[in-house]
Amino acid sequence: MTSAVTTVPVRPQRTPRQERVERKRQLVAALQLFSRFGFDEGAGGHITARDPEDPDKFWINPFGVNFAHVRMSDLLQVDAAGAVVSGTGRINPAGYTIHARIHASRPDVVAAAHSHSVHGRAWATLGRQLDPITQDACVFFEDHAVYDGFGGVVLDADEGRQIAERLGGNKAVILQNHGLLTVGTSVQEAAWWFIAMERCCQVQLLAEAAGTPRQIPAPIARATARMMGTPAMARLNFRPLYVDVQNTSPQAFDEA
């Protein structure tokens, strides 16, 4: 007797052009979420997404536009030299300096996120890594670094290179006296890691203000990271937030 074979349908792969549209949609959604979570402050902060057709270029939010007001049509495509090759507007010079070096040094990185979030900045003043004191914090266990070379606004290409080197192969780096920076193999991943890391900074600041937090033993933290700190888990956690933005802010996806 022949047993029936159940096949799982494979999702059709997107063309590079379709993938570009999807990355831009996710980028706009991430900016909307950063605004809702209060991660925006003045003109600071930037999220980038590598272009799938021309990986030496990336998309970035325009300089001086509030995150909540950025539309797909506002996004700028920038080349390796920092020139805007698609779209109208200016880019944040520091954003280019940091993100260009990260995209150049990490071919696996599709997106990078940085903003001057309150708890990220507060934690960054301590010059310490996050401790594995909660399940959520375990996703960064042995997977983030601290860059302690603050030299003012990052406009020097060499400092951008140093930040990229300190990031290494990790998913995040704490920029001392500056804030958080996260990366991912998708926009969803980079954005979710930033949201999660900001919350972890907040929790540890609260916990240490109340007493001495008990750390999760390294073997358990490591096992938890293997389960919870994957790209797939980041995409899963980002999905309901993405859907909420689609339902409540459809104007953000205006391509006209």
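## Two cysteines without a bond

In this predicted model, Cys200 counts as buried because its relative accessibility is 7%, and Cys201 likewise counts as buried, at 0% relative accessibility. A disulfide is a covalent bond between the sulfur atoms of two cysteines, and the structure holds zero disulfides.

Why is the sulfur of Cys200 not bonded to the sulfur of Cys201? The cysteine sulfur closest to that of Cys200 belongs to Cys201, and it lies 7.2 Å away, which is too far for a bond, since a disulfide requires the two sulfur atoms to be within 2.5 Å. Seen from the other side, the closest cysteine sulfur to that of Cys201 is in Cys200, again at 7.2 Å and too far for a bond.

## Glu53 in a loop

Glu53 is found in the loop that runs between strand E1 (46–50) and strand E2 (58–60), and with a relative accessibility of 43% Glu53 counts as partly exposed. When its neighbours within four places in sequence are set aside, Glu53 is in contact with Pro16, Arg17 and Arg20; with Arg20 there is a polar contact between the two side chains, at 2.6 Å.

Phe253 stands 200 residues from Glu53 along the chain, and the C-alpha atoms of Glu53 and Phe253 are separated by 21 Å.

## The buried side of helix H4

Helix H4 spans residues 157–167, and its buried residues are Glu159, Gly160, Ile163, Ala164 and Leu167. These residues cover an arc of only 145° around the axis, so they are on the same side of H4. An α-helix has 3.6 residues a turn, so residues three or four places apart point the same way.

What do the buried residues of H4 pack against? Their partners are helix H2 (93–105) together with three strands, namely E6 (144–147), E7 (172–175) and E8 (179–184). Just after H4 comes Gly168, which takes a positive phi of about 60°.

## Helices H1 and H7

Two packed helices are described by the angle between their axes and the distance between the axes. For helix H1 (residues 16–36) and helix H7 (residues 231–248), the angle is about 90° and the axes are 10 Å apart, and H1 and H7 are therefore roughly perpendicular to each other.

On the H1 side, the residues that meet H7 are Glu22, Arg25, Gln26, Ala29, Ala30, Gln32, Leu33 and Arg36, while H7 contributes Phe238, Leu241, Tyr242, Asp244, Val245, Gln246 and Thr248.

Note on methods: Residues numbered from 1 in each chain as written. Predicted model: local features only at pLDDT ≥ 70, side-chain atom pairs only at ≥ 80, totals over all residues. Heavy atoms only, no water. Buried < 20%, exposed > 50% of the residue type's maximum accessible area, 1.4 Å probe, protein only. Helix = DSSP H or I, 4+ residues; strand = E, 2+ residues; numbered from the N terminus. Contact = heavy atoms within 4.5 Å. Polar contact = N/O pair within 3.5 Å; in protein donor to acceptor, adjacent residues only side chain to side chain. Arc of directions from axis to C-beta. Axes fitted to C-alpha atoms, helices over the stretch in contact; angles between N-to-C directions. Parallel < 35°, antiparallel > 145°, perpendicular 65-115°, else oblique.
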